[in-house]
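Welcome! Here is a short briefing to read alongside the model, with the overall fold of one chain up front and a closer look at a helix in another after that.

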Amino acid sequence: MIKRRSFMRATLASGVIALAAASGALVSFAAQAAEPIKIGFSMALTGGLAGAGKAALIAMEIWRDDINKKAGLLGRPVQFVYYDDATNPATVPGIYTKLLDVDKVDLVVSSYGTNEIAPAMPIIMRKKLVFPSLFGLAVNDQFNYNRYFQIMPAGPVPKIDWSRGFFQLAAEQNPKPKTVAIIAADAEFALNAAAGARANAKKMGFKIIYDKTFPPSTTDYTPIVRAIQATGAEVIYVASYPPQSVGIVKAAHEVGLKAKMLGGCLVGLQFAAIQQNLGPLLDNIVNYDFWVPAPTLNFPGIEEFLKKYQEAAKGKGVDPLGHYLPPYAYAYLEVLGQAVEATKSLDQSKLAAYMHKTTFKTVVGDVKFGKNGEWATTRVLQVQFRNIKPDNLEQFAQVGSRVVLYPKQWKSGDIVYPYAK
Amino acid sequence: MLSVDLFANAIVAGLLLGGFYAAVSIGLAITFGQLDIVNIAHPAFVVAGSYAAYILNSEFGLDPVLIGLLMAPLFFFVGIAIYRVYYAAFERTGQESLSGLAFFFGLMFIIEVLLIMAYGVDYRLVSAPYIGQSIDIGFVGLPYRMLVPFGVAAALTAGIYLYLSRTFMGRAILAVAQDRLALQLMGADPVKIKQFAFGLAIATTAIAGSLLIIIGPVEPSLGRQYIGRAFAIVVLGGMGSIPGMAIAALLIGVVETMVATFMGPSWSPAVSFGVLLLTLALRPSGLFGRK
Amino acid sequence: MKGRAFWLSMVAALVAGLLLTHFIDNDYYFNALYVILQGTVMAVAWNILGGFTGYVNFGSAGFFAVGAYTSIALGKAFGQDFPLPIMIMAAALVCGLIGLGLGYLTLRLKGVYFSIATLAMAIVFETLMNNWAYVGGARGAYILTPDSHLWFNSYIEMLFVLMLLLTLGSIAISRALNASRLGRGLAAIRDDEVAAECAGVPTLKLKLISATIMGAMMGVAGAPYPYFVTFVDPASAFSLFVAVNAIAMPMIGGTAHWIGPVIGALLVGTAQQVITVTVSSELNVLFVGIMLVVFISMAPQGIVGLVQKFRARRAR
Amino acid sequence: MTVPVLTAGGITKRFGGFIALQNVDLHVNAGERLGLIGPNGSGKTTLINCISGALFNDEGSIEFEGRNITRMPAYQRARLGVARSFQIPKPFRSMSVLENLRVPLEYAAWSRSEHRRITDEAMDVLEQIGLKGRAHENSAGLTQVDMRKLELARALAAKPRLLVSDEAMAGLSSAEVDEILEILLALNRRGVAVIMIEHIMRAVMRFSERVVVLDAGQKIAEGTPEEIVRNPLVERAYLGE
């Protein structure tokens, strides 16, 4: 038999010691030199989005090293404080609380992806911070926060602008296709995209004859693709995350999909490893993208940046080419850095005011934010894969494997239509 | 919208998917169904098998199915080692029910994190000439990506079934579940037999893993999605009956596919687990189980 | 006497918690403490069925998440400043009923069926939440919390004190249960169900009671969660990590005694917070996994068992 | 005048296609000592499982002290006064010997006992059984014979009207067998009817007032020990043709 009383005492004591040890560790972590400017963020370094998250981090570190080589910001070196959110939205609020209360960071930027940005918003808003964000779709629709700045070029009405190009292209074809199928993964980003697609399809006079969602854990996509095939839809808009995108592209090929247009919002087809694996299956798919090697998109500094990135990415198991996310991860810090330099301050309201009125020169071209923190004009590219060779990474670094169809301003080629030969 | 060819294709796709589920579940039918070892880490081993296939496929370009066969012996010995630990720590002391469950739960997380630390969380794929091709029989399309796993799974299931029913060791494994005393009278050491059977079950995960990565991209925590399915199939199949398990796997595959095709795919997980809950409530011995 | 010492330490813990909110200004500590306490409630709850009764619940995350979603649904229906205590009670009711229902379906069977059913239950509910647009569906739900609350400096301080109260409450329930006639009945079921039944223990009824209490307690742990994280989506609320912690903490602390899960939760929870800050959350998972496997293989009775063994040896 | 405490009529139990019990009648009078014998697999354990409620019989009915308990769960039967011990001891391993007895005292006997201090009652039972010295030991560490005694003590703590003792003596030494036998006889002297299942013929014959023989799920003989010994059917069942 144990004596409960002394046993309890021992337990409580050990608990207190453990807690004390924990707080000790936290305090020592907080007590660091106040000299550098600290930029805090959470990033998906493990979990579902980690592939992109790690690539973003590499790009961000390139920016930090670049800026520190040039004597830093306001003459102070820049230092990052970041934590892994494990692609789990639940960890995000805790991380930002910690960044602000323990690490006392001077500036914050967001993690990657809609699902990791949104959870930070309530805390950021409470502290009234400037929040440059990396690839969140229509996050601010919910919050209407005036210090939110989204680097992803979705456009002023993100949900709608996101898929407008896709349906515009469909509407331009002759004869104009009539029917649309929409299929989306059960996740915030994909559902937002699907909602926009629905609106665009209706507005442009298409008939939506299939509109469903599927769980991200689906093993086999052929039944879904077949169900769509059976409806006879001419235009198929897909909103999905990388593993599902791969599954759907493969299933489309296997089923022998007869659609006239396929694509839209397949996340993952921008990543070199997936492109390499899918190879010719990608042919003629029309999908969104933000940067591809094309004469129209040769912004000052991008080539140099990509060279640095590709060097740094070697052997890290991340996207070797880095066309999709890394330039923007570099750019959202460029924007923040330029704002700090221009206002000569870390004052959040001055920064916000400056960022609202300025057109920034970045590696992704000119960036101008609208009132809601989205890009003032949309630059969601619709890109078509062409004549892809199997198992060849090199081709994706060349001009021509991906042709920009939309918007007109950046266009580098004409659509191949219909999708099915 | 209910057309004959859509219906037929849904059934066929469901059967193909179910065949793959059988490969994932067969090892569990041995460990959980016959040995009474609740190896919740089973799907994590399947994912480990996928990674083996990924590594050898990307390094040497070997065919994933071949890799699965090559890796099976290695997995077999890993299984034996794990059973040794399990036996020494739990079974011998009669602790297996509670602690054993937690042991495998912990093991699952260790496998997952080790894979993450070694290979990161990116989705991994394999390439093989048949991936992406398909054949059409009438209006029914059969993608090789599903057909190959189905064929391998069928061969695996049949092989294990024959092995268990025709060989001395196989019968001993069946006996260990039902009558330990009789087994001892036969002069066989039940611990040795269980150890062998556990090794066999883990060996099947090498093959199931190679099938998994043929079907689609794999990341370290993917196995979690198969925990419920695999257990559902084993329970439905009547705990340890290999033919029962196979039928249950096909059934779950067909039900999921039918729901995905005709109701909307986002409901399919709930339907298959709903089937499991109903079975547990109404007919716990499984659809084909002995009482 | 024993009782008095217990209640004194309960009061002491509460006073210490209130003092903390008075003297510490840094919200992060309350965040960390909240997570640890939430883990403690989950561990204590899991142990009522898992430790006392011997039925392993893999679906803790399911109960937890349904608790959280009860709050979200009530928040949507009646506004986000709907009183938290009522939400907590509602979550307790809903999750208690789920525990009861699930128990009724499967607790007559062998233990592992129940375990698998809990796993399936969590997935069924996750699918339901994914498809239930009213509470945000797969895209999740946001909760905007005010800066401060009542007489607390910040909202998180209020949540921390609330969770502290819930923790102390669940510990008291667990302790009372452990020492009672009911607790002895549960222990008899764990040790040998057939023998317990023949000794007059109404095993099914007791298991159902135990499953109901467990479910209700987990619902209680989940109910304030939306107000803590401010964003809830099915994937994170139903995270398997919640379930692993709920199992690992009691297993490491020791399952037979009420104090076991408390020790385990404080230890593992604190270690996790330190590791998340100092190393990475990836190692965090590995750490829990290895701790779990090492403890159950080497010290199946957990830390409590080790202490007992040590005392027995010294007494000899 | 003998009053039956237990009457089981037409008990049939099947497992799948296998008939474990077929139309078995059994009654036990108040205070009686009944021996139940039969070869391995003859259905003895199935029968007492049906009596104690661990299994439900497919056909037939069981009455205990005039109440129909056929569909009553085991714990309610224990509360009415049907207690049993197990062939393979099933102690509550996490509890001390004393705590083991608290369970039936608090559950089975709860409604019927005048609520004296549970601990005192448990000690009384242990004293009768001869386990008092081990009261605070962990039950998992007991010797084989003490384990059997604990089984009986726990059955006794339920304050039964009928005790079913399932091979309480298997594997014990001759002296230990006598010890257990003495306990059962003492118990019976206090008015508890006992059904004893045993392979040790010496013990059965010495103990029983009446013996029932099962073979292949059927009752093949019933009578005094002397009659049973001389019954050719019984001999054939045990020795084969």
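**Chain B and helix H7(A) in brief**

Of the contacts in chain B between residues at least 6 apart in sequence, 77% link residues at least 24 apart. Please keep in mind that this is a predicted model. Chain B is built from eleven helices and two strands, and buried residues account for 64% of its 291 residues.

**Fold of chain B**
- Following the sequence, you will meet the elements of chain B in the order α-α-α-α-β-β-α-α-α-α-α-α-α.

**Dimensions and surface of chain B**
- The radius of gyration of chain B is 19 Å, which agrees with a compact globule, because 291 residues packed that way would give a value near 19 Å.
- Measured out along the principal axes, its C-alpha trace would fill about 60 × 45 × 35 Å.
- Chain B has an accessible surface of about 10200 Å², and carbon and sulfur atoms contribute 67% of that surface.

**Helix H7 of chain A**
- H7 in chain A covers residues 158-172, 15 residues in total.
- From first C-alpha to last, H7(A) reaches 22 Å, close to the 21 Å expected at 1.5 Å a residue.
- Where does H7(A) bend? The bend is at A:Arg164 and amounts to about 40°.
- Buried residues of H7(A) include A:Ser163 and A:Gly165, which sit on either side of A:Arg164 in sequence.
- Also buried in H7(A) are A:Pro158, A:Ile160, A:Asp161, A:Trp162, A:Phe166, A:Phe167, A:Leu169 and A:Ala170.

How values were computed. Residues numbered from 1 in each chain as written. Chains lettered and ligands numbered in written order. Predicted model: local features only at pLDDT ≥ 70, side-chain atom pairs only at ≥ 80, totals over all residues. Heavy atoms only, no water. Helix = DSSP H or I, 4+ residues; strand = E, 2+ residues; numbered from the N terminus. Expected span 1.5 Å × (residues − 1). Bend = angle between axes of the 7 residues up to and from the residue. Buried < 20%, exposed > 50% of the residue type's maximum accessible area, 1.4 Å probe, protein only. Rg over C-alpha atoms; globule rule 2.2 N^0.38 Å. Contact = heavy atoms within 4.5 Å. Areas by Shrake-Rupley, 256 points an atom, 1.4 Å probe, with all protein chains shown as cover.
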